[in-house]
Amino acid sequence: MTTKHSTTMRNKRVGGALAAALCALALTACGTEGRGEVTAGAAMAAKPTATPTPTEARPDPMDDPGLTFEEQRAAVAFMELVTQVAAPCEEVAEDLPTVPSSLPPQRPVPVPAEPEGPRPRPGASEVPVPVEDLPPPADTAWNFDRVRQEVELGEVEKCAALRHGSRIAKALDGTGDPTAAHVEKALGEIGYNLPYRLHGPVEAGGKVEFTLDLRGGELCLDGTYDGTRTTFDPYGVHPAVYCTDVKRRG
């Protein structure tokens, strides 16, 4: 259930964002260039700046109606990359059995037949118990402390994290030069070049640290490069906050 639910939600988010970007791209290509989009869309090129306690959900730069043609094209390419990397994981998840094959077959439980004839009316000792009222709906007000909690990743996104990590390690490992500029260039060359999807890189203690927002579902990925090899730490994040907002477990 967890895998199927995570896959469904992920596909829904990726599909929606990709469709919106494609729509915007088509509109721009059909003659909306030259109407000041470069200025309006500049927000997308800026890396997100987190505030300690936001009062509402973080905006998604892909929702900016003033994105330039180049920004729209870059957004579409990034979402296609996220989808393509995860595609083999979804195919494997669909083939997994829902019940472990090692479990013994379950015997059917006989269901007692209903007694014939009309049911007796309840006596003094059989007074029906009134059904309790349903609980009120959960509080839907904005709560930063709630939405910044780490989210459990589904099997598809755990698999996708490994595939993203493998791509990045192939581009970085053994290349030396543990500098922010070198890491940012290497990430850009393999498609991770959207500024608002990349937090960092920053140099710290002779290493380079960065965070990638790979959310079509909930996946974020922390990476550390030491000049020789890259290590990764994937985790799940609610869509209303940044990857760097999340309060990690333990």
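Numbering the bonded cysteines of the protein chain in sequence order, what is the pairing? In this predicted model, the pairing is 1-2, 3-4. The paragraphs below start with the overall make-up of the chain and then return to the cysteines and the cores.

The protein chain contains seven helices and four strands. Followed along the sequence, these elements give the pattern α-α-α-α-α-α-α-β-β-β-β. Of its 250 residues, 34% count as buried. The accessible surface of the chain amounts to about 15900 Å², and carbon and sulfur atoms hold 58% of that surface. Among contacts with a separation of 6 or more, 67% are made by residues 24 or more positions apart.

With that outline in place, the disulfides can be taken in turn. A disulfide is a covalent bond between the sulfur atoms of two cysteines. Searching the whole structure turns up two disulfides. One of them is formed by Cys 89 and Cys 159, whose sulfur atoms lie 2.0 Å apart. This pair links distant parts of the chain, with Cys 89 in helix α4 (residues 69–95) and Cys 159 in helix α6 (residues 155–172), 70 residues apart. The torsion about the S-S bond of Cys 89 and Cys 159 is about -75°, so this disulfide is left-handed. Are the two partners buried or partly exposed? Cys 89 has a relative accessible area of 3% and is therefore buried, the cut-off being under 20%. Cys 159, at 27%, is partly exposed.

The other disulfide joins Cys 220 to Cys 243, with 1.9 Å between their sulfur atoms. Here too the pair links distant parts of the chain: Cys 220 belongs to strand β3 (residues 219–225), while Cys 243 sits in the segment after β4 (230–236), 23 residues apart. For Cys 220 and Cys 243, the torsion about the S-S bond is about -65°, so the disulfide is left-handed. Cys 220 is buried, its relative accessible area being 0%, and Cys 243 also counts as buried, at 1% relative accessibility.

Attention now turns to the nonpolar cores. In soluble globular proteins, nonpolar side chains tend to be buried together. Which residues have the most contacts inside the largest nonpolar core? They are Ile 168 and Tyr 192, in a core of 29 residues. Two or more residues of this core come from each of α4, α6, α7 (180–189), β2 (207–213) and β3. Helix α4 gives the largest share, eight residues.

The surroundings of Tyr 192 can be listed in some detail. Leaving aside neighbours within four places in sequence, Tyr 192 is in contact with Phe 78, Leu 81, His 164, Arg 167, Ile 168, Leu 187, Leu 198, Leu 212 and Leu 214. Ile 168, a partner of Tyr 192 in this list, is thus named once more beside Tyr 192 for its contacts inside the core. A second, separate core has eight residues, including Val 147, Cys 220, Tyr 235 and Val 237. Cys 220 of this second core is the residue whose sulfur atom pairs with that of Cys 243.

A last detail concerns helix α4, where Ala 75 is found. Ala 75 is buried, with a relative accessible area of 1%. The C-alpha atoms of Ala 75 and Met 62 are separated by 7.2 Å, and these two residues are 13 residues apart along the chain.

Key
Residues numbered from 1 in each chain as written. Predicted model: local features only at pLDDT ≥ 70, side-chain atom pairs only at ≥ 80, totals over all residues. Heavy atoms only, no water. Disulfide = S-S within 2.5 Å. Buried < 20%, exposed > 50% of the residue type's maximum accessible area, 1.4 Å probe, protein only. Core = buried A, V, L, I, M, F, W, Y, C linked by side-chain atoms within 4.5 Å. Contact = heavy atoms within 4.5 Å. Areas by Shrake-Rupley, 256 points an atom, 1.4 Å probe, with all protein chains shown as cover.
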